[in-house]
Number of protein chains: 2
Amino acid sequence: MWTAKVLGVGAVALALSVDVTVRLIRRLRSRGTLKEVLFFPSEIACVEHIFRPALPHSCVCSLPHGVETSFSRLLRHILSAASTLDLCVFAFSNVNLSRAVLTLHKRGVTVRVLSDKDYTAISGSQIGLLRSAGICVRCDKSSVYMHHKFAVVDGRRLITGSLNWTLTAVQSNLENVIVTEERDLVRPFVDEFHRLWVCNDPERRCVTVKA
Amino acid sequence: MWTAKVLGVGAVALALSVDVTVRLIRRLRSRGTLKEVLFFPSEIACVEHIFRPALPHSCVCSLPHGVETSFSRLLRHILSAASTLDLCVFAFSNVNLSRAVLTLHKRGVTVRVLSDKDYTAISGSQIGLLRSAGICVRCDKSSVYMHHKFAVVDGRRLITGSLNWTLTAVQSNLENVIVTEERDLVRPFVDEFHRLWVCNDPERRCVTVKA
């Protein structure tokens, strides 16, 4: 009789502990799934410490230091890339965002940039600089606006919203950026980037297929 | 001894069934959390059946009928509003999107529209029409662009992306829209709308606080 009781209690304890463990893993997983919203304009602050974390107090510029802003968060997310950065952006003239992309390229991260051909040619565009540095850049060949403003970091972190990669967008406009690792949201952007990248291969004739 | 065995087996069965039920509820909940990505340009198709679902074959226009497109999905999400629609959009000139907003207003849905003051005045803007219909519209008073393009349906469904509410954006440009009910993503937009709405109250002096 005692054997049966012990077996019964043991089985219940086992079932409950499995349940608790599963719940705990799920909660940790859910917490770990990045979902962040950034609003702009961002407070203006020095971002030198983000580019040089080993020398956090090296900058003596007149801007506020050590302040975490929407823009510093955005830079950190971009600079978190360890293997790839796929960038699909309408207008790209922000010098600090360009510096972040160049930093990744120098680190050996595979960077691909897709931009709108009209905005690539405007004064202040950083696209030429990226291309000169050896980054693979393609421009949308169609006559319509390539109006996306998204980036995919390491194939799993999506950065998207209303924000063009310009100084005005970051420091003046009312804008939003979502940063997420939700797979159901990231996957379509990964696929869309691939589709547009192939479609805008300069050595390939490609009919733009509507989404 | 048999009593103990039965009790033990019963307890195990109870624990397992609770576990299975919890898992099932979670799976259903997870499935129920809307996460959808729409890409544009949208295929051009008749959307009359979305506005008049009771008469799905009433339209005889020359456009393709019965086709589900990114635009028809967007319209369905907007028209799903049962109590409120908070809209914060830079440029709004799309006649069908305007019709959707007016339809909601006629249904008794509380609609609030916040737009950029410069773009409100351009030819083709639907903002004046919405205001004439009795919808509460506020325009961003600052000298910078109110560049958001988001809507919150019933306080829980977020529609956001690169897409302005114009015909060009829907039918020509490369654009994206995320539709989600993920609370961690929706809540900041609800708060931001509230902040901007209060800030742009015409009867209130308000200093724009940077995000």
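**Two chains, their shared surface and selected local features**

In this predicted model, 43 residues of chain A are in contact with 43 residues of chain B, where two residues are in contact if their C-beta atoms, placed from the backbone, lie within 7 Å. On the chain A side, helix H1 (2–32), strand E1 (35–40), strand E5 (149–153), strand E7 (175–180) and helix H8 (183–199) each supply at least two residues of the side that touches chain B; helices (H or I, at least four residues) and strands (E, at least two) are DSSP runs, numbered from the N terminus. The largest share of that side, ten residues, comes from H1(A). Sorted by class, the side of chain A that touches chain B has 23 nonpolar, nine polar and eleven charged residues, with Ala, Val, Leu, Ile, Met, Phe, Trp, Tyr, Cys and Pro counted as nonpolar, Asp, Glu, Lys and Arg as charged, and the others, Gly among them, as polar.

Residues are numbered from 1 along each chain as its sequence is written, while chains are lettered from A and ligands numbered from 1 in the order in which they are written. Since this is a predicted model, local features need pLDDT of at least 70 and side-chain atom pairs count only at pLDDT 80 or more, whereas totals for chains, interfaces and linings use all residues.

The relation between the copies can be stated as a rigid-body operation: chain A can be laid on chain B with an RMSD of 0.3 Å by a turn of 180° and a shift of 0.3 Å along the axis, the superposition being made by least squares on the C-alpha atoms of residues with pLDDT of at least 70 in both. This is the relation of a two-fold axis. The same surface serves both copies, in that 100% of the contact residues of chain A recur in chain B.

Within each chain, a pair of helices deserves a description. Two packed helices are described by the angle between their axes and the distance between the axes. In chain A, the axes of helix H3 (residues 70–79) and helix H4 (residues 95–107) come within 10 Å and cross at roughly 20°; such axes are lines fitted to C-alpha atoms, for helices over the stretch in contact, and angles run from 0 to 180 degrees between N-to-C directions. H3(A) and H4(A) are therefore roughly parallel to each other, a term that covers angles under 35 degrees, with those over 145 counted as roughly antiparallel, 65 to 115 as roughly perpendicular and the rest as oblique. H3(A) passes H4(A) in a right-handed crossing, which by convention has the near helix turned clockwise from the far one by less than a right angle, anticlockwise being left-handed. The residues that meet are Leu75(A), Ile78(A) and Leu79(A) in H3(A) and Asn96(A), Ala100(A), Thr103(A) and Leu104(A) in H4(A), and this contact divides into five nonpolar, two polar and no charged residues.

In chain B, the axes of H3(B) and H4(B) come within 10 Å and cross at roughly 20°, and the crossing is right-handed. Here Leu75(B), Ile78(B) and Leu79(B) in H3(B) meet Asn96(B), Ala100(B), Thr103(B) and Leu104(B) in H4(B).

From H4(B) one can move to Val111(B), found in strand E3 (residues 110–116) of chain B. Leaving aside its neighbours within four places in sequence, Val111(B) is in contact with Leu85(B), Val101(B), Leu104(B), His105(B) and Ile135(B). With 22 C-beta neighbours inside 10 Å, Val111(B) counts as buried, the cut-offs being 20 or more other C-beta atoms within 10 Å for buried, 12 or fewer for exposed, and partly exposed in between, with C-beta atoms placed from the backbone. Val111(B) and Cys136(B), 25 residues apart in sequence, are 6.8 Å apart in space, C-alpha to C-alpha. Cys199(B), found in helix H8 (residues 183–199) of chain B, has 18 C-beta neighbours inside 10 Å and so counts as partly exposed.

Two backbone features complete the walk. The peptide bond from Phe40(A) to Pro41(A) is cis, with omega near 15°, and Pro41(A) is found in the loop between E1 and helix H2 (48–51) of chain A; a cis peptide bond also joins Phe40(B) and Pro41(B), with omega about 15°. Asp154(A), in the loop between E5 and strand E6 (157–161) of chain A, has a phi near 55°, a positive value in a residue other than glycine. With 14 C-beta neighbours inside 10 Å, Asp154(A) counts as partly exposed. In chain B, Asp154(B) has a positive phi of about 55° although it is not a glycine.
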